[in-house]
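Hi everyone, thanks for coming. Today I'd like to walk you through one protein chain, a piece at a time. Have a look at it first, and then we'll begin with a single side chain.

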Amino acid sequence: MVNDLAQKGRQEFYPGRVVRAEVIPGTADFRFSCDNGVVLLVQVISDKILRFRYSTDGHFAPDFSYAFEQGAPQRQGVSMLEFVEKDDHYRLTTSRVICIVGKEGLHVRVLNRSGVVLMEYEKGFHWEYDWESGNDIVKMSQQVQPGVHFYGLGDKPANMNLRGQRFCNWGSDTYGYEKGSDPLYKNIPFFLALHQKLAYGLFFDNSFKSYFDFAAERADVTSFWAHGGEMNFYFIYGPTLTEVTQDYTRCLTGTPELPPLWALGYHQCKWSYYPEKLFRGIGAEFRKRQIPCDALYLDIDYMDGYRCFTWSPEHFPEPEKMVRELAQDGFKTIVIIDPGIKIDPQYPVWKEGFEQGHFCRRADGPLMKGSVWPGLCHFPDFTSPTVREWWSGLFKGLIQDVGVRGVWNDMNEPAVFEKGTFPDDVRFDYDGHRASHKKAHNIYGMQMARATNEGVKRFAYPNRPFTITRSTYSGGQRYSSGWTGDNIASWEHLWLANIQCQRLSISGFSFVGSDVGGFINTPDGELYVRWVALAAFHPFFRTHSSGDHGDQEPWSFGEEYADLAKHFIELRYKLLPVMYTAFWQYVQQGTPILRPLAFLDQTDAQNYQRMAEFGLGDHLLVCPITQAGADGRWMYLPKGQWYYWWTDERKDGAAEVWAPAGLERIPLYVRAGAVIPARPVMQYTDERPVAELTLHVYHLEGEETSTLYEDAGDGYGYQNGEYTVRTFVTTGTVMSLKVQQHTEGDWVPTWGTYRVVLHGLPPLTAEQLTAAADGATVDVRVLPSVTGGQDLPQLIVPSGFRELTIKTVAPAKK
């Protein structure tokens, strides 16, 4: 007799036939039960968001996920809901989508109200029992229509369009990763699909090791699966790509608080700046050269033997005095904190954590031990509320007593030197839902960042907190900014930085940047300047490098390159109102700060495969130079009209154009009709009050709307109405331009006037222009352009104007 039980144990199982369908009373939840015990729960989160949750045995675990601020999704309200039974299926209809659940095998289709099939199962839900762990390997396969494109999934160093590729989510310390390396540090199981110019998204909320196949194995099938947990995913209908990301972020996983304005300035970091004299010298050099900089970083060597929350008595004997004096010169000090706590009975943090039971344990009871920078360490269980409270309290010394302004979490995948990460049998509290490392690994870094943010916020108050994390999970954007990890000083990694930051932004995690110049090895001056030029348009703007590869400050490559780096850093400071407004849009609506071309116009198939160009906010289009020796590049402009920032040359969109860009330029275009606000250059963001704001107004024949958000730049007054949202509506004809301003909010700016600079008008003298602000005549002057283009008309108007009109007067005929 052949024993085939082991082989049977590895077989795949499928749902049976639906024997009962019911609406759970008082909810918008629909339960479908099969004859083999499988249950599908469909929850209507909003008119556009459906949740699909499967159980293989008819029982669901308590509903809990770290992706959501409250542990479970918040219902958004449904304007219309209809549920009917047909011969072979059930049909659930909202005002935006139709969901059809087949009676045989729970086969699902989702359509829009026009009948276009957006998502349809292939095999659909199925599973395999894993005897080693006792978990189900839960699987989902769906049909892929011809012409479907996929985007998202967080920090994957691969082409922007995911079709034809396969990926894994298992946060990993991937030193010196390359294009195609997988997995990396972050775990964001959310992707978007574009089909027949309609967009939808899927969020597979499962923290176990998971995989995604975007028609790589089979050209007509996409699939995702996880080694444990539930098949639990959210379908999010657009119909635009931007709306999908907005709903995933704002309605499901959440948005962060506004950061302090200085966090959007330039930051300088290295592994490692020490002793104190060297660290102070870095700051002094910035101020001597008048290169703007808001933050200086200390890596692990500031500590006493790499013990977190300590200071080296040799290298930093008076940290409070040092931090205070650097702050007087405009520098905010940021320090690194890792999760590994050195096993040392004389070390108060370890002693307290040990005595209070805050460290992770193995399955049979011993404390988890692993080696990182201090040597053998124990590791806090950040999934315990008690541990998070303890951890957050440890920041009093750094933040409140010493005056540190921000904290940077590293090594929190979690990473250990022995095996890369914790063994699978390490146990976690998981907020009362006990779990092994298999389930907790992908959320460990996120929960560390959460506890850190709580501590920094508590002790920085009334200032806003600033934290950074290397690892995270969906929803981690609520707690921290991030960077793309241990990259390399190469042209390929400059290309990757552009793609990764765009991808993270559309995956809900917008506050992101890369290590400018590369962490590993040393760039030459050309590569460094090109990287600074790109990073000036990324929300998190920091140079960081490994100390054993040479210096990497803006002046490290000679005076020519120092001047060029300063030029782009100053451009960042001028455009801070644009970045801050885009961040406010992200906080309010979940709108990605960086927007790939497909997000700018998904009706144009030319945009689907392109990945170099990206939008910043509503009206800027950026395209970095990522090849050595280039003096420009070809790039694609979306539909509409665009002005080249450096020359004011106007181009029609829906076309490829050549953008000349020596080292002093980055290809940068402005949408016609835009109002681009600019601040005066300062050495740090709050060096002095802004006395006058510049508005760059770009002519068009038609109408365009622009937005400017402003508040105090720190503190929480903005939550009580102390902010200003200014909406500018630009209307233009061949002979005129009108700008209307609408203002809401109670914040009173420090400036009383705007300097309005007019772009795109034909070459004119001041006598050929007339201008009026709210009916009062305004003097017009024609002055040289600061970017080197044609002379430009400029005028000074009160910041509270409601309507500004500019008219051209034809010159008198001879």
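Let's start with D47 and S79's fellow serine, S95: the side chains of D47 and S95 share a polar contact of 3.3 Å. By polar contact I mean a pair of N or O atoms within 3.5 Å; within protein, one must be able to donate a hydrogen and the other to accept it, and residues adjacent in sequence count only if both atoms are side-chain atoms. D47 also has a polar contact of 2.9 Å with the side chain of S79.

Before we go on, a word on where this comes from: this is a predicted model, in which local features need pLDDT of at least 70 and side-chain atom pairs count only at pLDDT 80 or more, while totals for chains, interfaces and linings use all residues. Residues are numbered from 1 along each chain as its sequence is written, and side-chain values use heavy atoms, with hydrogens and water left out.

Back to D47. You'll find D47 in the loop between β4 (39-44) and β5 (49-55); helices (H or I, at least four residues) and strands (E, at least two) are DSSP runs, numbered from the N terminus. Which side chain of opposite charge is nearest to D47? That is R96, 6.9 Å away, and D47 is buried yet has no salt bridge. Here Lys and Arg count as positive and Asp and Glu as negative, with His and the chain ends not counted. Buried means under 20% relative accessible area, exposed over 50%, and partly exposed in between (1.4 Å probe, protein chains only). A salt bridge is a side-chain nitrogen of Lys or Arg within 4 Å of a carboxyl oxygen of Asp or Glu.

So where do we find salt bridges? A search of the whole structure gives 50 of them. One joins the side chains of E122 and R218 at 2.8 Å, N to O. E122 lies in strand β10 (residues 117-129) and R218 in the loop between β16 (210-214) and β17 (221-226), so this pair ties together parts that are 96 residues apart in sequence. E122 is partly exposed at 24% relative accessibility, and R218 is partly exposed at 35%.

Another salt bridge, at 3.1 Å, N to O, brings together R405 and D714. R405 is in the loop between α7 (396-402) and β25 (406-409), and D714 is in the loop between β43 (702-711) and β44 (723-732), 309 residues apart. There is also a network of salt bridges that links D173, D410, E413, R470 and D486.

Now the nonpolar side. A nonpolar core is a set of buried Ala, Val, Leu, Ile, Met, Phe, Trp, Tyr and Cys residues joined through side-chain atoms within 4.5 Å. How many residues does the largest one have? It has 179, and W311, I337 and L398 are among those with the most contacts inside it. Another core, of 51 residues, lies apart from the largest one and includes A28 and L106.

Finally, two spots in the backbone. A cis peptide bond joins G238 and P239, with omega about 10 degrees. L153 has a positive phi, near 75 degrees, in a residue other than glycine. L153 sits in the loop between β12 (149-152) and β13 (166-169), and is buried, with a relative accessible area of 0%. Thanks for listening!
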